[in-house]
Amino acid sequence: MKIAFLCVANSARSQMAEAPAREMYGNRAEFLSAGSQPSRVNPLAIEALGEIGIDISCRSSKSTADLDFNTISLVITLCAEEVCPLEPPGTTKKHWPFPDPANASKPVDAHLGDFRRVRDALREKLRELEPVVSGN
């Protein structure tokens with residue numbers, strides 16, 4: 001089973017969902033992430049995940065254009081205010097709207113707090129995938 005997390009830049013939310021999902025569920029499913037307008041992995045996403053022992057410093061942003069949606073079992077979009085990437089009809093979808101922590105115009109310490117909040121909320125939301133990856 002392949003599960004793809006999508007957002008616009010593949011710089012924060014989708015990266016912060018993919019890496020913890022891999023850690024939580026191991027090889028019971030394959031997890032991917034991508035964005036409709038990929039940029040670079042946000043350093044604050046790297047820092048926020050590093051705080052909980054997950055290293056994404058070598059990860060790069062990927063494009064939804066590079067995904068083969070015919071092989072993906074579930075697409076989870078993570079956009080809130082912005083327009084989410086489109087997925088082909090017939091793909092099973094879930095929408096988990098999370099604010100983009102990278103769009104905050106705050107001091108770095110407060111900005112990092114936004115990344116931490118999204119990280120923690122995503123980790124909690126990922127528990128909902130247990131029946132999916134277990135085949136229940």
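**Working through the predicted model**

The side chains of lysine 2 and threonine 71 are joined by a polar contact of 3.3 Å (a pair of N or O atoms within 3.5 Å, where one must be able to donate a hydrogen and the other to accept it, and residues adjacent in sequence count only if both atoms are side-chain atoms). This is a predicted model, where local features need pLDDT (the predictor's confidence in each residue, from 0 to 100) of at least 70, side-chain atom pairs count only at pLDDT 80 or more, and totals for chains, interfaces and linings use all residues. Residues are numbered from 1 along each chain as its sequence is written, and side-chain values use heavy atoms, with hydrogens and water left out.

**Exercise 1.** Work out what surrounds lysine 2.

*Solution.*
- Start with its place: lysine 2 is found in strand E1 (strands are DSSP runs of at least two E residues, helices of at least four H or I, numbered from the N terminus).
- Next, check exposure: lysine 2 has 23% relative accessibility, so it counts as partly exposed (buried is under 20% relative accessible area, exposed over 50%, partly exposed in between, with a 1.4 Å probe and protein chains only).
- Then list partners: skipping neighbours within four places in sequence, lysine 2 is in contact (heavy atoms within 4.5 Å) with Glu30, Leu32, Thr71, Ile72, Ser73 and Leu74.
- Finally, take glutamate 30: it sits 28 residues from lysine 2 in sequence, yet their C-alpha atoms are 4.6 Å apart.

**Exercise 2.** Describe the ring pair of phenylalanine 5 and tryptophan 96.

*Solution.*
- Count first: there are three aromatic pairs (rings of Phe, Tyr and Trp, the last by its six-membered ring, with centres within 6.5 Å; planes under 30 degrees apart are stacked, over 60 edge-to-face, the rest tilted).
- Now the geometry: the centres of phenylalanine 5 and tryptophan 96 are 6.3 Å apart and the planes meet at 50°, so this pair is tilted.
- Place the partners: phenylalanine 5 is in strand E1 and tryptophan 96 in the loop between strand E4 (93-95) and H3, so the pair ties together parts 91 residues apart in sequence.
- Both phenylalanine 5 and tryptophan 96 are buried.
- Zoom out: Phe5, Tyr25, Phe31 and Trp96 make up one aromatic cluster.

**Exercise 3.** Find out which residues of H2 are buried and where they point.

*Solution.*
- The buried ones are Leu44, Ala45, Ala48 and Leu49.
- Looking down the axis of H2, these buried residues fall within an arc of 130° (taken from the directions from the helix axis to the C-beta atoms), so they line one face of the helix.
- At the N-terminal end, asparagine 42 caps H2, with a side-chain oxygen 2.7 Å from the backbone nitrogen of leucine 44.
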